[in-house]
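Biologist: Hi! I'm new to this one, could you walk me through it?
Modeller: Happy to, let's put it on the screen and start.

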Amino acid sequence: MKPNSSILIIDDCKTHLLVTKVILTKSLHFTNISMVNSGEEGLQWIEDFYKTSAENLLIFLDIKMPEMDGFAFLEAFHLLDESIKDKIQILMLSSTLDTEDITRAADNVYVTALLTKPLSVTELRKYITIE
């Protein structure tokens, strides 16, 4: 994934949004980063994005959010067109120690990995390739 690739951060906490963005910008030199505050906003953003783009997308998805948590987002994501889903990589972000959440993330076909907040650059480099 190139630093000019598109990234979407979905998190209800403004602090976590900003920290993740700073890490991606300063440490990994990503420039095209969008942020939304909920799963619903994330789904709408994806639909709007793919009306005008065909590029790959990396999503950082929080687990614990009100109204639509990360797992509910994944259920709705499943309903998107295959041509869209094939272009998206999802990394879940959480500070959870709940073994059920960890297992659900690991078992989900759309989730590449569950990463711990705050985002570790070393851990992130295991899952993305910066060309």
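Biologist: Which elements make the right-handed β-α-β unit?
Modeller: Strand 1, helix 1 (residues 14–27) and strand 2 make it. Right-handed here means that, with the strands pointing away from the viewer, the path from the first strand over the helix to the second runs clockwise. Helices (H or I, at least four residues) and strands (E, at least two) are DSSP runs, numbered from the N terminus.

Biologist: Anything I should know about the model itself?
Modeller: This is a predicted model, where local features need pLDDT of at least 70 and side-chain atom pairs count only at pLDDT 80 or more, while totals for chains, interfaces and linings use all residues. Residues are numbered from 1 along each chain as its sequence is written, and side-chain values use heavy atoms, leaving out hydrogens and water.

Biologist: Back to strand 1. In which sense does it pair with strand 2?
Modeller: Strand 1 and strand 2 are parallel, with five bridges between them. Two strands count as paired if DSSP finds at least two bridges between them. For example, serine 6 has asparagine 32 of strand 2 as its bridge partner.

Biologist: And how many bridges join strand 1 to strand 3?
Modeller: Five, and these two strands run parallel. Here isoleucine 7 is partnered with leucine 58 in strand 3.

Biologist: How many residues of strand 1 are buried?
Modeller: Five of its five. Buried means under 20% relative accessible area, exposed over 50%, and partly exposed in between (1.4 Å probe, protein chains only). Ser6, Leu8 and Ile10 point one way, Ile7 and Ile9 point the other way, and all are buried. In a regular strand the side chains alternate between the two faces of the sheet.

Biologist: Switching to helix 2. Which of its residues are buried?
Modeller: Gly39, Gly42, Leu43, Ile46, Phe49 and Tyr50 are the buried residues of helix 2. They cover an arc of only 130° around the axis, so they sit on the same side of helix 2. That arc is taken from the directions from the helix axis to the C-beta atoms.

Biologist: What covers them?
Modeller: The cover includes strand 1 (6–10), strand 2 (32–36) and strand 3 (57–62), along with helix 3 (70–77), helix 4 (82–85) and strand 4 (88–94). Contact means heavy atoms within 4.5 Å.

Biologist: Which exposed residues are on the face turned away?
Modeller: Lys51 and Thr52, on the face of helix 2 turned away from its buried side.

Biologist: Does Lys51 have a partner? I mean, which side chain does lysine 51 meet in a salt bridge?
Modeller: Aspartate 48, at 3.6 Å, N to O. A salt bridge is a side-chain nitrogen of Lys or Arg within 4 Å of a carboxyl oxygen of Asp or Glu. Both residues lie in helix 2, three residues apart, about one turn of the helix. Lysine 51 is exposed at 63% relative accessible area, whereas aspartate 48 is partly exposed at 37%.

Biologist: How many salt bridges does the structure hold?
Modeller: Six. One of them joins aspartate 101 and lysine 64 at 2.9 Å, N to O. This pair links distant parts of the chain, with aspartate 101 in helix 5 (residues 99–107) and lysine 64 in the loop between strand 3 and helix 3, 37 residues apart.

Biologist: Is aspartate 101 buried or exposed?
Modeller: Buried, with 5% relative accessibility.
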